[in-house]
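Reader: Could you take me through how a helix, and the packing of one helix on another, should be read in a model like this?

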Amino acid sequence: MENKTIKATEFGPEIILETTGNITISGKSRMEDASLYYKEAHDWLLNYKKDFNNSLTVTLDLSYFNSSSAKQLLKLLLSINDAAGRGKVIWIYPENNDILLERGQELEIMLDLPFEYKSK
Amino acid sequence: MKKGIQDSKFDMTEGIQLISLLRMCFSEDKICLFYRGDFDDMFTDKLISLVEYEVEKKAKKRIAFLMAESFQNIVRHSNNEMNNQTASLFGIRALEPFLHIFSRNLVNIQDKLFLEKKLNELNNLDKDQLKAYYTQVLGEGILSKKGGAGLGLIEMAKKSQKPIQKNFKKCAGENFAFNMQIDLVVDDQASPELLGDPMSIEENTVIVDLMTARNMVFLYKGDFSDEIITPMLNILEGNTGNPGDSVGFKIYHAAVELMQNISRHGSNADKKEGIFAINKTDKGYYLCTGNYFTNPEKDLEKYVNKLNAMSKHDLDDLYRHQLKASVNLPNNNAGVGLIDLRRSFMTPLDIKLGEDKNGNYLMMGLEISFNNGK
């Protein structure tokens, strides 16, 4: 199993998947069909969980995500969530954007994962 | 103006009346975009990239050039003190076989006289005369105090196969609204009948007057796929506040969700067509959309009314419940777009369903106030 990078597009974020257990999603996520965009990341994570037992850290540094992307982010985090104690989320948000902070807090309510918030 | 404007079947709320009217004005347009606001160098690039998706390759270069020149003409012949943020306007309409490029800016009496004389002269020259005149002016290199040598206008006249249309409307004081329209043939194989007289500038002048009076700052009609909405969102991003902060984020978010609502529920799977507009209001902005749809979503109106009656707390609960439930469903749609719009702004979602000769039509709108919601 290898590291994988999905390059950012005009409407999709950069996704870096590392076998060390670090997943970083950064940029904007506003594609209409987010399921297609995130499919590779979901597949990678599925294989990773079979091969590795490492703790996973997901860093989300998004300046925007639409409702279709919210579903994919939740799906991704839920798949980490189902192996209790195996992950954490670092939620990075712009200092002056309370909405993005609250979006992170909302996901935290829906999951059983520790969230760490960092403003930038 | 197009037929049927007086025959609207729709009982519109105030906010979406205008888009209902304009969608009929632009019913034959393949693409239509009007923008009122700040013009910077990036604006032209963004606008050009929008049109590039929609036109034949061979016409792209000419269109890009003419759009850039029209834009520069706004800047060059504008008195900055007179032109506040909403006085200048740029529009394009792809109405086969033409692409019409419309611009408006305020000018003083001296500029009016200069432009009137120059455009009349250019419109009387044939292709070879224009070429010779261009070479002559270029050789003389006489720059006007505005930084141009009239070369831009000559270039426009050279590239446009039709006379440049213009009019001047008296404004307050000694100022004039200078309206200019270039009619570019993008399909020269069209029938001679269609290639005859292009749409009169007066039609667009009336539409633009209406948009200005109702404080509409942005209007787009056309395809709403991801690639196409990107330059539009980039334009909005640069002109409605910083998307990094909460206000800019709110507008950007509403625009994305409303535009994607068009592409998800549009009537044609291949071509996601609709109309999107932004009006400035006393409280903020009013965003609205319109599109045809195939599925008779009879319960949509009821659903939106239900969302409008819910509290923020209940909307948040519903959002989380629905989002979580959607994760295991195979379709791409999370089904939370409308809930999210409603809870993000806490202003009612306006919805109107209607029917005309082309099918079922859905219009949605909401006001983004800077003082409430999140």
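Author: We begin with the conventions and then turn to one helix and one helix pair. This is a predicted model, in which local features need pLDDT of at least 70, side-chain atom pairs count only at pLDDT 80 or more, and totals for chains, interfaces and linings use all residues. Residues are numbered from 1 along each chain as its sequence is written, while chains are lettered from A and ligands numbered from 1 in the order in which they are written.

Reader: Which residues of H3(A) are buried?

Author: An α-helix has 3.6 residues a turn, so residues three or four places apart point the same way. In H3(A), residues 98-110 (helices being DSSP runs of H or I, at least four residues, numbered from the N terminus), the buried residues are Leu100(A), Arg103(A) and Leu107(A), where buried means 20 or more other C-beta atoms, placed from the backbone, within 10 Å of the residue's own, and exposed means 12 or fewer. Because these three cover an arc of only 50 degrees around the axis, taken from the directions from the helix axis to the C-beta atoms, they lie on the same side of H3(A). The face turned away from that buried side carries the exposed residues Gln105(A) and Ile109(A).

Reader: At what angle do H4(B) and H6(B) pack?

Author: Two packed helices are described by the angle between their axes and the distance between the axes. For H4(B), residues 109-123, and H6(B), residues 151-159, the angle is about 30 degrees and the axes are 10 Å apart, with axes fitted to C-alpha atoms over the stretch in contact and angles running from 0 to 180 degrees between N-to-C directions. Lys118(B), Leu119(B) and Leu122(B) of H4(B) make the contact with Leu153(B), Ile154(B) and Ala157(B) of H6(B), contact meaning C-beta atoms within 7 Å.

How values were computed. Helices (H or I, at least four residues) and strands (E, at least two) are DSSP runs, numbered from the N terminus. Two residues are in contact if their C-beta atoms, placed from the backbone, lie within 7 Å.
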